[in-house]
Amino acid sequence: MTIRQDHRLIVNWVNPQSRVLDLGCGSGLLLKTLAGEKQAFGYGLELNPEKIQTCIENGVNVIEHDIDSGLSKFPDQSYDYVIISLALQALKRPNETLDEMLRVGREVIISFPNFAHFRTRAYLALKGKMPVSKSLPYEWYETPNIHLCTIRDFEELCQSKGYRIVDRQLMNSEGQTLHSIWPNLFASTAFYKITRDV
Amino acid sequence: MNAHERHLAADNIGLVTPKRFHCDTPLKLTSGRELPSFELVYETYGVLNNKGSNAVLICHALSGSHHAAGFHAPEDKKAGWWDGFIGPGKVIDTNKFFVVCPNNIGSCYGSTGPTSLKPQPPITEADDTDAKAKVKTKEWGADFPLITIKDWVASQKRLMDHLGINQWAAVVGGSMGGMQAMQWAIDYPEQLRHAAVIAAAPKLSAQNIAFNEVARQAIITDPEFFAGQYKDHDSAPKRGLSLARMLAHITYLSDEAMREKFGRDLRNEKIHFGYDVEFQVESYLRYQGQMFSQSFDANTYLILTKCLDYFDPASEYGDDLAKAFERSQCRFFVASFTTDWRFSPARSREIVDALMKVHKPVSYLEVQARQGHDSFLLNVPRYKKAFEGFMNMVDIL
């Protein structure tokens, strides 16, 4: 099975035999890879019935749960990793969810589309329209991505909240890992591993 | 295909004959009392494989029976209570699984219960023939002991041993059946690989118990009840049992489903300002109550509602449900229905949260369905598909 490039970066960050909680787990591919490669045990939270069905058919533990309703049912520090892969921007209150994720998990792994990528900037600057692309395929009126942010935005939030960035990875639109001097311009997807500074 | 040929359909079990299991080893009950011996009537569908690894236990709900699928006779109007789910190629696929569905102790459908004959103390030689003549075989009636879900599971375990099954591939049930599946995972963690817990709750709420109590009072205060020994009086508390069923029936349906089915429709064209049936819903409930009271035993109804009230597996583990599940080894499937207000989705979520707390494999879905608690018996496509997906993942080794 070929593994998605963005999942590869996340899998590399996870220690073997960890307990993971994947918010917005989709069809459960990441959890399946984590179980196979890292013997990780965990659950995915998902709302979409079709995706929940796929999880069940894949033998992935999936819980029908609206992340926007909070994580109050999950005890403090009960998971090694709480992951949110390309779903943060679809939440109603991403900042509150991040707080909750850090309460429930020892480490939090986040990936999100960087809205300051040069193509997005160019789209907006030249066309004067909300950018539509392969990674952001929706029109403004129907997009689930209601809280898009940039790398700079995210790091500013981490700083103001006192989150410690343990690691950062960047990926360009071709799925290649990026070591750019201008990440906020060239990275199409950003990956962060954060903890709460204690 | 006409109604008399439904048993011939390719996805139907066909004609089935119930079997009996007699157990002479006394069964010690949670209440402290003991059944010196007992019988379970049960049905099986499909074939047990050589390794005995494809057996699925179906646990029935309150008024259910061992007749879960197929037909007893070609002229039967109704198939088994879960016929839509059990059969060749169905959710619980009898081409793959050997399905076992016992009737529980305390029931009135054939397993040992209040309507069974009570074992009499042996008559000694010293007794004179007069005394011998006086000893009449008699039904248990109100003397039948109160039963718990734990007792049921213990009796099902005896049946399992009798059938030569070492481990269930899955234990499956809705409502009170789901409670039995949970109890299996707690009491016999090594004896099942999967558990499906549908429209259930980890224990009854005060409101649930309250409804049960009103139902019991309807029966007990019926002048025909005679302290449970109504058979001695050639009588039965049918009015009370009918009321109990009417009340329970309301809790099985959702407000939405009742509105859709009956609305405020009148049976005749206008209201008559009287207490006879005026609204369609009244007619329906009365009919349901009457039918039930003619076929069900009142003492059984009392025992079964008490059995529900007593269910609280966490109580043996310091009221910590997560701790109760700690030793369980099976994979769980938990499903609830949005309009179920008897055992609402929040109750299923309590089960799921407890399982997650002790890191047990579980998948959970909250299905949009209009039919309330009864949804678990019905053809709700999303539920059926997910349930099927889960059962397909059940390995038979």
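In this predicted model, the contact between the two chains draws on 16 residues from chain A and 17 residues from chain B. On the chain A side, the elements that each supply two or more residues are β2 (41-46), α3 (49-57) and β3 (62-64). The top contributor there is α3(A), which puts in six residues. Sorted by class, the chain A side that touches chain B comes out as nine nonpolar, three polar and four charged residues. As for confidence, the predictor gives the complex an ipTM of 0.94 and a pTM of 0.95. Chain B itself averages a pLDDT of 95, with 95% of its residues scoring at least 70.

Now for the inside. The largest nonpolar core holds 163 residues, and the members that touch the most others are B:Val56 and B:Ala195. Setting aside neighbours within four places in sequence, B:Val56 is in contact with B:Ile92, B:Phe97, B:Val99, B:Trp168, B:Ala169, B:Ala170 and B:Val172.

A couple of backbone oddities are worth a look. Most residues other than glycine have a negative phi. A:Gln17, though not a glycine, has a positive phi of about 60°. A:Gln17 sits in the loop between α1 (5-13) and β1 (19-23) of chain A, and it counts as exposed because just 10 other C-beta atoms lie within 10 Å, where the cut-off for exposed is 12 or fewer. B:Ala227 also has a positive phi, near 50°, without being a glycine. Its spot is the loop between α4 (206-220) and α5 (238-252) of chain B. With 9 C-beta neighbours inside 10 Å, B:Ala227 is exposed too.

Technical notes. Residues numbered from 1 in each chain as written. Chains lettered and ligands numbered in written order. Predicted model: local features only at pLDDT ≥ 70, side-chain atom pairs only at ≥ 80, totals over all residues. pLDDT = per-residue confidence, 0-100. Core = buried A, V, L, I, M, F, W, Y, C linked by C-beta atoms within 7 Å. Buried ≥ 20, exposed ≤ 12 C-beta atoms within 10 Å, placed from the backbone. Contact = placed C-beta atoms within 7 Å. Helix = DSSP H or I, 4+ residues; strand = E, 2+ residues; numbered from the N terminus. Nonpolar A, V, L, I, M, F, W, Y, C, P; charged D, E, K, R; others polar.
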